[in-house]
Amino acid sequence: MGIPVPTGAALLSLTAFPVSYFVNTVSALEDPNSIFVVGVLVLLALSTAAYLQVRNQPPRDPLFYAFTVFAFTSVIDLIISLEADGFISGFMSFYMKEGEPYLRTSYGVMACYWDGSVHYILYLMLISAIGQGKNYRHTGLYWLGSIMTSMLVLIPGSVIGKFGSLIRPAVLLNIPYIFIPIWAGVKIFGKPKMVPQSIADQITLEQKKPLYQRPLDLVLIAYLLFAIVLSIFRGLVALDCPLESCFNYIYQYEPYLKDPVAYPKVMMMVYMFYCVPLFGVSVIGLIKPGCDWMLDVSLILAGALAQGQFTHIFSSYHSMTPYTYRVPDGTWWTVLILNLIYGLGPQLLAYRCCYYSDFFVRTAPKSKEENDKKHQ
């Protein structure tokens, strides 16, 4: 009896510890070009190992191999974050110095923590679903929103921020994280929608309810309007809007938005230009019945805001952020609560759309009684 697919993938990912420790001891890897070459070789070796692991019963979905490799790199990211924070040493210091030095920022460390924990769990869930032939549309969309937000902030922020002059060839190792999610997104959207089965009468009854009889939806619409206003306001703050309210906010509440690493500024741009439209269409979806695309939108939005707010909140309080850019002591709790509400709202929206989805069904199936009458 062979090793279960997710167990094998987890064991393969844990080889990141001995591999990184060994590579860190090779003195020749003080050269940025050598680091890039070794990184490519490691990824190729991982792909080969993933193939050999399931060669007797290869999965039909080729994303299995991508997620297996990504699980390994998630453990690498966890090692980077732990070493940057001083919990361990002797594993990835060479890479943080000559590979991707911007990972030694507060944002880089928090992004690595997220990738090494939440993304790692999601990869194992996706690998398990593929191995069992199950539909992983919901998990995949949540991961898609999260990974795309991470890349939309990390790559541009590294180029335009103060680390722009320190870009090394190893940055090219992020290319798979740009193109594979696009490929994965196409495949995920091609899978059947996971909608709970309900009878026609129940769906009709739910869709006929006016908004005032749906208190949770009222709360969610209020949140979405709040999120739209906050996203646009903080985007203007990050763009140096001369309004007095923007000036006061950046100095009294979130000076982190002016950190020269540029990650918080890029994050606010992602929120303003990508998330605001999703917030807007979500309001429509909660008002108008039959918008079955709400399940997809809510999951992508939940993944995006979870990753974005985790890295943003902890980065603005992290010791690697210069003291002048950290949240002031007088507004510490206000900023924390504001950001928590902003990040948790999409999680509640996704829960509502996925588990109480009758309102979003496009066409209600005919009830048993209607079918009986039709055939009489």
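Reader: At what angle do helix α10 and helix α11 pack, and how far apart are their axes?

Author: Happy to start there! In this predicted model, α10 (residues 215-238) and α11 (residues 244-252) pack at about 85°, and their axes are 9 Å apart.

Reader: Why is α10 called roughly perpendicular to α11?

Author: Angles of 65 to 115 degrees count as roughly perpendicular. The angle here is about 85°, so α10 is roughly perpendicular to α11.

Reader: Which residues make that contact?

Author: From α10 come F233, R234, L236 and V237, and from α11 come S245, C246, Y249 and I250. These residues divide into six nonpolar, one polar and one charged.

Reader: How do you know whether S106 is buried or exposed?

Author: Check its relative accessible area, which is 4%. Buried means under 20%, so S106 is buried. You can find S106 in helix α6 (residues 106-131). Leaving aside residues up to four places away in sequence, S106 touches Y256, S315, H318, M320 and T321.

Reader: What makes the pair D217 and R214 a salt bridge?

Author: A salt bridge needs a side-chain nitrogen of Lys or Arg within 4 Å of a carboxyl oxygen of Asp or Glu. For D217 and R214 the N to O distance is 2.5 Å, so the pair qualifies as a salt bridge. Both D217 and R214 are buried.

Reader: What makes R352 and D217 a salt bridge?

Author: Use the 4 Å cut-off again. The closest N and O atoms of R352 and D217 are 2.7 Å apart, so this pair is a salt bridge as well. The pair links distant parts of the chain, with R352 in helix α14 (residues 332-355) and D217 in helix α10, 135 residues apart. R352 is buried, as is D217.

Reader: Why do you say that R362 and D292 tie together parts of the chain?

Author: Their side chains meet in a salt bridge (2.9 Å, N to O). R362 lies in the loop between α14 and α15, and D292 in the loop between α12 and α13, so the pair ties together parts that are 70 residues apart in sequence.

Reader: How do you know whether R362 and D292 are buried or exposed?

Author: Exposed means over 50%, and R362 has 52% relative accessibility, so R362 counts as exposed. D292 has 19%, which is under 20%, so D292 counts as buried.

Reader: Which residues do shared salt-bridge partners join into one network?

Author: The network consists of E206, K209, R214, D217 and R352. In total, the count comes to 11 salt bridges.

Technical notes: Residues are numbered from 1 along each chain as its sequence is written. This is a predicted model: local features need pLDDT of at least 70, side-chain atom pairs count only at pLDDT 80 or more; totals for chains, interfaces and linings use all residues. Side-chain values use heavy atoms; hydrogens and water are left out. Axes are lines fitted to C-alpha atoms, for helices over the stretch in contact, and angles run from 0 to 180 degrees between N-to-C directions. Helices (H or I, at least four residues) and strands (E, at least two) are DSSP runs, numbered from the N terminus. Angles under 35 degrees count as roughly parallel, over 145 as roughly antiparallel, 65 to 115 as roughly perpendicular and the rest as oblique. Contact means heavy atoms within 4.5 Å. Ala, Val, Leu, Ile, Met, Phe, Trp, Tyr, Cys and Pro count as nonpolar, Asp, Glu, Lys and Arg as charged, and the others, Gly among them, as polar. Buried means under 20% relative accessible area, exposed over 50%, partly exposed in between (1.4 Å probe, protein chains only).
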